[in-house]
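Dear colleague,

I am handing over the structure below, and after it I set out what was found in it. Please read the notes with the model open beside you.

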Amino acid sequence: LANLAWGHATMARHDEALLDAIADRALAKLSEFGSQDLSITVWSFAKLAHGDGHFFEALGDASVVKIHEFGAQSLGNTGWAFAKRQILLPTLMEAVSAATCVRV
């Protein structure tokens with residue numbers, strides 16, 4: 001799912017029906033997502049300006065739980081995605097900041 005979303009985002013291909021289907025399936029399988037899946041998905045949806053606040057909040061909450069697994073690029077992509085969409089999740093931003101400080 002994450003790679004499919006990424007492919008569409010990198011090609012700037014905004015297929016609304018497909019993105020809605022990916023979002024629905026991603027929410028249903030969120031517990032199975034790894035750190036890279038989370039960061040790629042949130043980056044892709046932010047780049048395409050697709051997905052509602054509920055979708056991003058769910059991805060953000062899942063990211064906080066797995067933040068210790070995020071590499072530097074995943075941390076940067078996640079922070080960028082939420083800033084791009086102007087979605088403020090203080091717990092997520094604190095977790096991203098703390099995890100980034102550990103890796104610097």
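**The largest pocket and the helices around it**

By class, the lining of the largest pocket holds 3 nonpolar residues, 7 polar residues and no charged residues. The model is a predicted one, and the pocket in question has a volume of about 170 Å³. Its lining is made up of N3, W6, S35, Q36, S39, I40, W43, Q73, S74 and N77. Three helices, α1 (2-10), α3 and α5, each supply at least two of these lining residues, and α3 gives the most, with 5 residues.

As for confidence, the protein chain averages a pLDDT of 96, and 100% of the residues score at least 70. Among the elements of the chain, the highest mean pLDDT, 98, belongs to α3, whereas α6 has the lowest, at 95.

**Helix α3**

Since α3 contributes most to the pocket lining, I looked at this helix in some detail. At 1.5 Å a residue, its 13 residues should span 18 Å, and the end C-alpha atoms are indeed 18 Å apart, so the expected and modelled spans agree. The helix is mostly covered, with 10 of its 13 residues buried, namely S35, L38, S39, I40, T41, V42, W43, S44, F45 and A46. What covers these buried residues includes α1, α2, α4 and α5. After α3 comes A49, which has a positive phi, near 50°.

**G34 and its position relative to α4**

G34 is placed in the loop between α2 and α3. With a relative accessible area of 23%, G34 counts as partly exposed, because the buried class is reserved for values under 20%. The C-alpha atom of G34 lies 8.8 Å from that of S63, although the two residues are 29 residues apart along the chain.

**Helix α4**

S63 is one of the buried residues of α4, the others being F55, F56, A58, L59, G60, A62 and K66. The helix covers residues 53-66, and its 14 residues should span 20 Å at 1.5 Å a residue, which agrees with the 20 Å between its end C-alpha atoms. The cover over the buried residues of α4 includes α2 (16-28), α3 (35-47), α5 (72-84) and α6 (90-103). Helix α3 is thus part of the cover of α4, and α4 in turn is part of the cover of α3.

With best wishes

Note on methods: Residues numbered from 1 in each chain as written. Predicted model: local features only at pLDDT ≥ 70, side-chain atom pairs only at ≥ 80, totals over all residues. Heavy atoms only, no water. Helix = DSSP H or I, 4+ residues; strand = E, 2+ residues; numbered from the N terminus. Expected span 1.5 Å × (residues − 1). Buried < 20%, exposed > 50% of the residue type's maximum accessible area, 1.4 Å probe, protein only. Contact = heavy atoms within 4.5 Å. pLDDT = per-residue confidence, 0-100. 1 Å grid on protein atoms, 1.4 Å probe; cavity = no way out; pocket = protein on both sides within 12 Å on 5 of 7 lines; lining within 4 Å. Points joined across faces, edges and corners; volume = space filled by probe spheres on them. Nonpolar A, V, L, I, M, F, W, Y, C, P; charged D, E, K, R; others polar.
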